[in-house]
Amino acid sequence: MSDMAPLFSLFAIIPVLLGGFVYYTHHRTYGTLDVTTASVAYDRARYHDILDWDKYALTIQGEPTQIHSGEFHYWRVPDRNRWETILKGYKNMGLNTIRIYFHWGYHSPDENVYHFEGNRDIDYLLNLCEQLELFVLAAPGPYICAETQAGGYPSWLIAKRELNIRHNYMMLWRVYDQKFADYEIQWLNQIMPILARHQITEKKKGCVIGVQIDNELFEVMANILPIGLHDQMRILAKATRDAGITVPLFTNDGFEEGGWVPRTDDKKKFGIDLYGFDKYVTVFAPSSSPKSWLINSGVSVGSWDEWNPKNMENSMDGLEKKVRGFGGGAKESPMFIPELQGGWFNHYQLQHTYDQIFDYYGDEYTKLILETSFAQGVTMASTYIIYGGTNWGAIGDPDVYTSYDYSGCIREFGMLSSRGRNVRKSVLLTRSFDPYFTKTERVAHPNVKSSLAHTLNLQRVAIAGNQNVTFTFLRNFDRKKRETFDITVQEKEGSLTMGCFLPYKSSFIAIGNYTAANGVHLIFSSIPILTRLVSPHSKDEVWVVEPNIVGAMAFTNKEMHLSGNMQDNALRNDGPAVILSFETDHGWSKLQTTEGNLYIIGLSRLDAATLYAEFSEPYWNEGVKKYPSFVAWGADNFYFDKKTGQLEINHRRTEKAAHIISFDQIKGGVTDNTWDLDIIHTFEYKKHTDIIPVTFDYTHWENRPVRFDELPWEKLKSLKKNDSVTFTGLDYHFTSGHVLYRTRFRTPDSDHPKVTLSLNVRNRATVILNGRVVGGHTTYSRQLFMP
């Protein structure tokens, strides 16, 4: 037994050593810089009348405000004349905010050189956002990732071998590097004063409402591995404040890990004003899945399986509980997702395009993930990405190619996709039901049940406004892919049952316990309500719906007169309710009471895809909220210019007319038998018979000669004492694009019969011998082992 004592002693000391190591790895990241959470915190006492928050939402000039945002990369659209048209597309989707990554390398081609003019004019961009009434979440890095060269760092910076770039000493182990931090401060001192001039706290009708510090800088990964340095975040936050930023600062945790949460009870750790976390729902295009990092899989579309709804359920359905469980600021600030997955990027040399990636996710995907986040109480979300743009020149990371379409809501060529149209339905609903939707709590025991599992997500109830409106989040993840089921609603007076039609992998938010302006009380609607419009002059109200013959609306029994062309002229009694069902997918119904009228306008799926509503936040409209002021459909794009009072319309040749719902008088318009209502105004489009032909003369477009001898070759550099040359492209300030290396050798003879070339490169490589391709490999930076 005594012979085993040393072994037992060793086993006994291992936990102590491991515990000591874990303690050291965590505490070494806490740092020593004299910058506290409080010293860089948002001055709520000074600015709370302009911008503040509670655990539900941001408050802008005293008005709780939902933040519906989308990512925009001006540096992927290097033609500022196009920015306005693209951003009007964001407004057309109902968004009120954009998030912008500001690209250090795009503005700094060389050390101590910065350009902010022309297509790099950030002042112009922010002025444009103010003109279009778009709030801005500014993300100036310094590191931004975004599948761009060097993650946004300038090539001249990362070529400095003496620096720990992003304080990285080695993989997942950071050591604070003051010299590198000084370069970061240099960039912040260039960009922050421009942003500061447009802050909501400093400029009347400014647009910047928050500034993000760095990008996905984990404090701790997987709840175990300490990665982020507190001094790294401290120095960036202090430099930001020193440069004049007074709006709240926020973070975007790589995923919900509780990093940089502000805490008043922990003086060692450092925190930022608003806790945000990015959410990519482990639903990746097969060519980018973790499996493809190990083996060269997912290349062929024919091998792709459907994405599994369990991934979204497992990733999303516990968010609120988890984030609130972090405590501190994460418990008392809005649920905030700075990057919410809206597609995916594509790689070089694969056998599919962005169209295949779009089809893989489906046109309901972004709406699904957005409404699933709303179910978790999220009131601040920015979809990554709305319009991806193009990787001009060498702006893209080596892992992606020229297009950054991302299968987004607005495709690279400028068309609002079906995915974007579906997202708009979610935004129009939630914004039109403000203030009810802006502040909600989860219902522990919903009064709604579904006959199919995996179709009822959860239910929330409004705690703001004068009604306890319920929002039931329906999401069809039925494992058998069935599209119809029954909904049972339990009321105090009894229960009622109605059908519901919801295609597989789609969702909608069902409204319940809501009383319209004319006193009609909706118990529950299993028909999707797309938006509502309340008259400012009378007790009239409009609901725009997407009807079907399966679903219905249940109302409290009340004396009312039913008319219209979309239903039977009788309401059906069911327990404590009267049921309104529809016989066609478009038309109108009216429920008239002694107080006023409730108009229910039904749009076909095709018309609903063009639905637009004009919202105006009180901040931009002298304190007056318009949620919305009018509704329109019948065109690809609408944009209302408040200054001119004109509605800009961009429609397809197949579309015949625009229809506008408004309680105000509108000049012009014609009669439409389908919409025989005074509140609907129809404007027919002029027929364009003179089509201008466009022809292109393609000449040798499939190939072009490369004259290697005429290229500006330079000799390889020697950076080491032994005079050995460097083949690292970064040493020549190449971070992406094609790097060519050339050598000459004598033709093999009998004494030297072989020539051997050994390649050790990180990305795709091709070998050309005397003008002919003789070999190479296709390794990507995402693949760890297999070529």
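Two strands count as paired if DSSP finds at least two bridges between them, and the exercises below apply this to a predicted model.

**Exercise 1.** Determine which residue of β9 is the bridge partner of Ala-138, and place the two strands within their sheet.

*Solution.* Begin with the strands themselves: β6 (residues 135-139) and β9 (residues 208-212) run parallel and are joined by three bridges. Within β9, Val-211 is the bridge partner of Ala-138. Next, widen the view to the open sheet, whose seven strands follow the order β12-β9-β6-β5-β4-β14-β13 with parallel pairing. Its edges are formed by β12 (249-250) and β13 (335-341), each of which pairs on one side only. Finally, add helix α5 (residues 122-131), which packs on this sheet and touches β4, β5 (97-101), β6 and β9, while its direction makes about 170 degrees with that of β5.

**Exercise 2.** Decide whether His-68 is buried or exposed, and identify which residues distant in sequence are in contact with it.

*Solution.* First locate His-68, which lies in strand β4 (residues 67-72). Its relative accessible area is 4%, and because buried means under 20%, His-68 is classed as buried. Then, leaving aside neighbours within four places in sequence, the contacts of His-68 include Leu-95, Asn-96, Phe-374, Val-427 and Arg-431.

**Exercise 3.** Establish which residues touch the most other members of the largest nonpolar core, and where that core draws its residues from.

*Solution.* Among the 159 residues of this core, Trp-543, Met-553, Phe-555 and Ile-600 touch the most other members. Helix α7 (residues 178-196) supplies the largest share, ten residues, and both domain 1 (20-432) and domain 2 (439-602) contribute at least three residues each.

Key. Residues are numbered from 1 along each chain as its sequence is written. This is a predicted model: local features need pLDDT of at least 70, side-chain atom pairs count only at pLDDT 80 or more; totals for chains, interfaces and linings use all residues. Side-chain values use heavy atoms; hydrogens and water are left out. A nonpolar core is a set of buried Ala, Val, Leu, Ile, Met, Phe, Trp, Tyr and Cys residues joined through side-chain atoms within 4.5 Å. Buried means under 20% relative accessible area, exposed over 50%, partly exposed in between (1.4 Å probe, protein chains only). Helices (H or I, at least four residues) and strands (E, at least two) are DSSP runs, numbered from the N terminus. Domain bounds come from an automatic or database domain assignment. Contact means heavy atoms within 4.5 Å. Axes are lines fitted to C-alpha atoms, for helices over the stretch in contact, and angles run from 0 to 180 degrees between N-to-C directions.
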